[in-house]
Amino acid sequence: MSQSAAPPPQPVRELPIAETISEAYKSVFENFGMWLRIMLGPAILSVPIAVFGQMMIADELAMLEEQGLEGPEATTAMMSAAWPELLVANLISFVPYVLFAVAWHRFLLLGEKPSSALAPLFPSLRHVRFYLYILLLLLVVGMAAALVGSVGALVAALLSGAAGANALQAPLFLLLFMLTLYVAARLQFTFPALAVDEHYGFGDSWRNTRGQGWRFLLVLSCCFVPPLFFNLIMSLILGGATGFSILFFVNAFILAAIGLLTTAILISAISAAFRTCTGWIPPPANQPPANV
């Protein structure tokens, strides 16, 4: 598949698991300077967005502190009291991710290097399309989760009272959760394609991952879970700053940068798998770096 050619009706090659995982990590750490350059602008932008999010739910946070609520109870109360504010904050929080993801995909697939650290902050129509497809993906995955959840609830109800029913419920819901992730994985090729301006949609991604879904999901898991643990540890270390102090701003930037490091590894895996399964070839003037 060359740029702007029609996508193939099926995968052109089986996805090599170990090779793709290795390529994803190497793409980031062998191009760490370029990651810093592409990451800087979106990470800086994440800081005022984090401040805006905190300001939107400040009254609800104060109410929870007065009531002494903590843990899951506090989370439930917050979602109930401030769901519109949380929804708006989450929608805005996707913006730095989109700016970074498009730039990193284009670096990996086209060898495109931003002229400055601020260049990724200037959006174009491709960023709008990328953002809208993220929202569409969330809708599709949400519908899939609701469907498999309903099936799981129905099966659990039918099994209630049967011998060993309780022992079967946890594996059943785990299976349904994995199926939801499987659906999400099968649709991921849409995003590198959109980043390089291909006419490509979820249907094309589904066809180009046929027979490769579980292999691809394993690749994504290996590229997401280890960095996620590091991300969580750093969040525990740096996430305790309260108020809008200098420490809060510094910590917010560091956590955003770490999050974009995890994102870069995951995006690198998606780009590598996209090239492998679709046979996508960039035009001669846009060859990617030799070491990615």
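**Exercise 1. Decide whether L232 counts as buried, partly exposed or exposed, and find the surface patch it belongs to.**

Solution. Start with the accessibility: L232 has a relative accessibility of 45%. Buried means under 20% and exposed means over 50%, so L232 counts as partly exposed. Next, place the residue in this predicted model: L232 sits in helix α10, which covers residues 213-238. Finally, look at its partners on the surface. Together with F224, V225 and F229, L232 forms a nonpolar patch with about 360 Å² of accessible area.

**Exercise 2. Describe the overall make-up of the chain: how many helices and strands are there, and what share of the residues is buried?**

Solution. Count the elements to begin with: the chain has 11 helices and 0 strands. Reading along the sequence therefore gives the pattern α-α-α-α-α-α-α-α-α-α-α. Then turn to burial: of the 292 residues in the chain, 42% are buried.

**Exercise 3. Check the length of helix α1 against the expected span, and work out where its buried residues lie.**

Solution. Take the length to begin with. Helix α1 runs over residues 17-29, which is 13 residues, and at 1.5 Å a residue it should span 18 Å. Its end C-alpha atoms are 19 Å apart, which agrees with that expectation. Now list the buried residues of α1: T20, I21, A24, S27 and V28. Viewed down the axis of α1, these buried residues fall within an arc of 130 degrees, so they line one face of the helix. A general rule helps to picture this: an α-helix has 3.6 residues a turn, so residues three or four places apart point the same way.

**Exercise 4. Find out how many disulfides the structure holds, and look at the surroundings of C222 and C277.**

Solution. The count is 0 disulfides. For C222, the nearest cysteine sulfur belongs to C223 and is 6.7 Å away. A disulfide needs two cysteine sulfur atoms within 2.5 Å, so C222 is in no disulfide. Now consider accessibility. C222 is partly exposed at 29% relative accessibility, whereas C277 is buried, with a relative accessible area of 1%.

**Exercise 5. Trace some of the salt bridges: which parts of the chain does each one link?**

Solution. The whole structure contains 7 salt bridges. Let us walk through three examples.

- Step one: R275 and E23 meet through their side chains, at 2.2 Å from N to O. R275 is in helix α11 (residues 246-278) and E23 is in helix α1, so this pair links distant parts of the chain, 252 residues apart.
- Step two: D197 and R126 form a salt bridge at 2.9 Å, N to O. D197 lies in the loop between α8 (190-195) and α9 (202-208), while R126 belongs to helix α6 (residues 125-159), so the pair ties together parts that are 71 residues apart in sequence. Both ends are partly exposed: D197 at 35% relative accessibility, and R126 with a relative accessible area of 21%.
- Step three: D204 bridges to R207, with the closest N and O atoms 2.6 Å apart. Both residues lie in helix α9, 3 residues apart, about one turn of the helix. D204 is buried, with a relative accessible area of 16%, while R207 is partly exposed at 34%.

To finish, gather the bridges that share partners: they join R106, E112, R126 and D197 into one network.

Methods. Residues numbered from 1 in each chain as written. Predicted model: local features only at pLDDT ≥ 70, side-chain atom pairs only at ≥ 80, totals over all residues. Heavy atoms only, no water. Helix = DSSP H or I, 4+ residues; strand = E, 2+ residues; numbered from the N terminus. Expected span 1.5 Å × (residues − 1). Buried < 20%, exposed > 50% of the residue type's maximum accessible area, 1.4 Å probe, protein only. Arc of directions from axis to C-beta. Patch = residues over 30% accessible without salt bridge, like charges linked within 9 Å, V, L, I, M, F, W, Y side chains within 5 Å. Areas by Shrake-Rupley, 256 points an atom, 1.4 Å probe, with all protein chains shown as cover. Salt bridge = Lys/Arg side-chain N within 4 Å of Asp/Glu carboxyl O.
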